[in-house]
Amino acid sequence: SQQMQQLGGEQGEAVSGALVSMYKGLLPAIGASMLIMWVISLIASAYFLLIALNDKLTFQAALTKTPGLIIPLFLLSLWIMIRSFIWIPLLGIILAIILGPRFVCAPVLLVRDRKGVLESASMSYAKTSGYWGKIFGNTFVAAVCAMIAVMVLGMVVGILGMRVSGILMPMVNMLSTAFITIFVVRLSSTVLSNAR
C-alpha cells in the first residue's frame with residue numbers, strides 16, 4: 001500500500017514536471033504570436049483610423065499612409081499607458097477605468113490635427129472633461145457588442161473546421177478592430193465638436 005502511494009506520487013511528479021517543461025517550451029511561441037497579433041492590430045487600427053477620418057481616402061492611399069502612423073500611434077498608446085496606470089501595479093485597473101476614457105480622442109487629434117504624441121494626449125484629456133460617462137458607457141457597450149459578435153461568429157466558424165477557422169477568424173478579428181476603431185473615431189468627433 002505504501003509502495004503504491006510512493007509510486008503514484010512519483011508518477012504525479014513526473015506528469016507535473018512534464019507539463020511545466022511543456023509550458024516553458026510553449027512560452028516563446030505564445031509570446032511571439034501575441035507580439036505578432038499586437039503588431040497586426042496596431043497596423044489595422046492605423047489603417048481603419050485613416051479610413052474613418054477621411055471617407056474619400058482610397059484603399060491605396062490609406063495603405064500608403066498607414067506605415068507612417070504606426071510608430072506615432074505606438075508611442076501615443078505607450079505614453080497614455082504610462083501616464084494613466086501602468087506604473088501603479090495594484091491600482092492600475094482602477095486608474096485605467098478612471099483615466100483611460102479621457103484619452104479616447106488622442107489618436108484622432110494625432111492623425112486629423114497632426115498634433116504630437118504628448119500634445120494629443122494632453123489635448124484629449126482637456127477636451128474630454130465632463131464627458132467621462134458618455135465615453136465610458138458608449139465604449140463599454142460597443143466593446144461588449146463586438147466581443148459577443150466575435151464569440152458568436154467564432155462558434156459558427158469553429159463548426160466549419162480548423163482550416164476554415166484559421167482563415168476566417170483573422171478576418172472576423174479585423175472586422176471587430178474596424179468596428180471599434182470607426183466607433184471610437186465617430187465618438188471622438190462628437191466629443192471634440194461639443195468640447196468647450
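## Ser188 and its surroundings

S188 is buried in this predicted model, with a relative accessible area of 0%. The residue belongs to helix α7, which spans residues 162-194. Its side chain makes a polar contact with the backbone oxygen of V104, at a distance of 3.2 Å. Leaving aside residues up to four places away in sequence, S188 touches V104, C105 and V108.

One of these partners, C105, is likewise a buried residue, since its relative accessible area is 0% and burial requires a value under 20%.

## A second serine of helix α7

Helix α7 also contains S176. The relative accessible area of S176 is 18%; the cut-off for burial lies at 20%, so this serine counts as buried. Apart from residues up to four places away in sequence, S176 is in contact with A146 and V150.

## Cysteines

What number of disulfides does a search of the whole structure find? The search returns zero. With regard to accessibility, C105 is buried at 0%, whereas C145 is partly exposed at 44%.

## Aromatic pairs and a charge over a ring

Six aromatic pairs are present in the structure. In one of them, the ring centres of F103 and Y125 are 5.5 Å apart and the ring planes meet at 35°. The pair is classed as tilted because this angle falls between the limits of 30 degrees for stacked and 60 degrees for edge-to-face rings. F103 is located in the loop between α3 (92-99) and α4 (106-112), while Y125 is part of helix α5 (residues 117-127). The pair therefore ties together parts of the protein that are 22 residues apart in sequence.

The two rings can also be described by their accessibility. F103 counts as buried, at 4% relative accessibility, and Y125 counts as partly exposed, at 28%. The ring of Y125 has a further partner in R102, whose charged end sits over that ring at 3.9 Å from its centre. Elsewhere, ring pairs join Y47, F48 and F59 into a cluster.

## The two faces of helix α5

Which residues of α5 are buried? They are V117, S120, A121 and S124. These residues lie on the same side of α5, because the arc that they cover around the axis is only 95°.

The face of the helix turned away from this buried side carries L118 and A126, both of which are exposed. Y125, the aromatic residue of α5 that pairs with F103, is partly exposed.

## Overall organisation

The secondary structure of the protein consists of seven helices and zero strands. Read from the N terminus, the order of elements is α-α-α-α-α-α-α. The protein has 196 residues, of which 27% are buried.

Contacts with a sequence separation of 6 or more can be divided by the distance along the chain. Residues 24 or more positions apart account for 64% of them. The contacts described above involve several of the helices: S188 of α7 touches V108, and α4 covers residues 106-112.

Definitions and conventions:
Residues are numbered from 1 along each chain as its sequence is written. This is a predicted model: local features need pLDDT of at least 70, side-chain atom pairs count only at pLDDT 80 or more; totals for chains, interfaces and linings use all residues. Side-chain values use heavy atoms; hydrogens and water are left out. Rings of Phe, Tyr and Trp (its six-membered ring) pair if their centres lie within 6.5 Å; planes under 30 degrees apart count as stacked, over 60 as edge-to-face and the rest as tilted. Helices (H or I, at least four residues) and strands (E, at least two) are DSSP runs, numbered from the N terminus. Buried means under 20% relative accessible area, exposed over 50%, partly exposed in between (1.4 Å probe, protein chains only). A charge sits over a ring if NZ of Lys or CZ of Arg is within 6 Å of the ring centre and within 35 degrees of the ring normal. The arc is that of the directions from the helix axis to the C-beta atoms. A polar contact is a pair of N or O atoms within 3.5 Å; within protein, one must be able to donate a hydrogen and the other to accept it, and residues adjacent in sequence count only if both atoms are side-chain atoms. Contact means heavy atoms within 4.5 Å. A disulfide is a pair of cysteine sulfur atoms within 2.5 Å.
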